[in-house]
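Open the model in your viewer and get your selection tool ready. We'll go from stop to stop, picking something and looking at what is around it.

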Amino acid sequence: MKEFDESEALDFIRANAGSERVSAYSDDDLLNIVDMIWDYYEINGMLDIDADADDEEDSLPEDITVYVKRMLKKDAGAKVSADDVYDIVRAELAYEASLDS
């Protein structure tokens with residue numbers, strides 16, 4: 001399994017988010033979303049070594065998107081549009097999945 005690399009993740013997100021607008025966001029803007037995704041994992045116990053994959057993985061992108069949008073509303077300095085969050089989350093999850101292959 002390949003190790004997570006922030007620079008590769010950013011390149012992957014920009015290339016696979018499916019929205020031209022995503023390329024306009026700074027690295028910090030996108031890394032803020034990546035951090036929120038990992039916060040979601042931590043809050044929901046998904047970083048535990050013995051965490052089992054279950055049927056809820058199908059709703060994972062939507063659940064994370066709801067969480068990230070909620071966190072962005074609280075972040076006065078956030079520049080990422082709520083309309084782009086799902087595409088960014090989906091691309092980041094695809095990057096994670098590519099690490100296993």
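Start by selecting H2 (27-43) and H3 (residues 60-74). Two packed helices are described by the angle between their axes and the distance between the axes. Here the angle is about 115° and the axes lie 10 Å apart; axes are lines fitted to C-alpha atoms, for helices over the stretch in contact, and angles run from 0 to 180 degrees between N-to-C directions. The helix names come from DSSP: helices are runs of H or I with at least four residues, strands are runs of E with at least two, and numbering goes from the N terminus. The crossing of H2 and H3 is right-handed (a crossing is right-handed if the near helix is turned clockwise from the far one by less than a right angle, left-handed if anticlockwise).

Before going on, a word about what you're viewing: this is a predicted model, where local features need pLDDT of at least 70 and side-chain atom pairs count only at pLDDT 80 or more, while totals for chains, interfaces and linings use all residues. Residues are numbered from 1 along each chain as its sequence is written, and side-chain values use heavy atoms, with hydrogens and water left out.

Now show the side chains where H2 and H3 meet. From H2, pick Asn-32, Ile-33, Met-36, Ile-37, Asp-39, Tyr-40, Tyr-41 and Ile-43; from H3, pick Leu-60, Asp-63, Ile-64, Tyr-67, Val-68, Met-71 and Leu-72. Contact means heavy atoms within 4.5 Å. Colour by class and you get 12 nonpolar, one polar and two charged residues (Ala, Val, Leu, Ile, Met, Phe, Trp, Tyr, Cys and Pro count as nonpolar, Asp, Glu, Lys and Arg as charged, and the others, Gly among them, as polar).

Zoom in on Ile-37, in H2. Is Ile-37 buried or exposed? With a relative accessibility of 0%, Ile-37 is buried (buried means under 20% relative accessible area, exposed over 50%, partly exposed in between, with a 1.4 Å probe and protein chains only). Leaving out residues up to four places away in sequence, Ile-37 touches Ile-64, Val-68, Val-89, Glu-92 and Glu-96.

Next, select H1, residues 6-16. Which residues of H1 are buried? They are Ala-9, Leu-10 and Ile-13. Look down the axis of H1: the buried residues fall within an arc of 100°, so they line one face of the helix (the arc is that of the directions from the helix axis to the C-beta atoms). That face packs against H2 and H4 (82-100). Spin to the other side of H1 and you'll find Asp-11 and Ala-15 exposed.

Check the ends of H1 too. At the N-terminal end, Asp-5 acts as a cap, with a side-chain oxygen 3.1 Å from the backbone nitrogen of Ser-7. After H1 comes Gly-18, with a positive phi near 80°.

Stay on H1 and click Phe-12. Phe-12 is partly exposed, at 24% relative accessibility. Beyond four places in sequence, Phe-12 touches Ala-91, Ala-94, Tyr-95 and Ser-98.

Follow that list to Tyr-95, in H4. Tyr-95 is buried at 3% relative accessibility. Not counting neighbours within four places in sequence, Tyr-95 is in contact with Glu-3, Phe-4, Asp-5, Glu-8, Ala-9 and Phe-12. Draw a distance between the side chains of Tyr-95 and Glu-8: a polar contact of 3.4 Å joins them (a polar contact is a pair of N or O atoms within 3.5 Å; within protein, one must be able to donate a hydrogen and the other to accept it, and residues adjacent in sequence count only if both atoms are side-chain atoms).

For the last stop, select Ser-19, in the loop between H1 and H2. Ser-19 is buried, with 13% relative accessible area. Outside four places in sequence, Ser-19 is in contact with Asp-84 and Asp-87. Jump across to Asp-84, found in H4. Asp-84 is buried too, at 0% relative accessibility. Setting aside residues up to four places away, Asp-84 touches Ser-19, Arg-21, Val-22 and Tyr-25.
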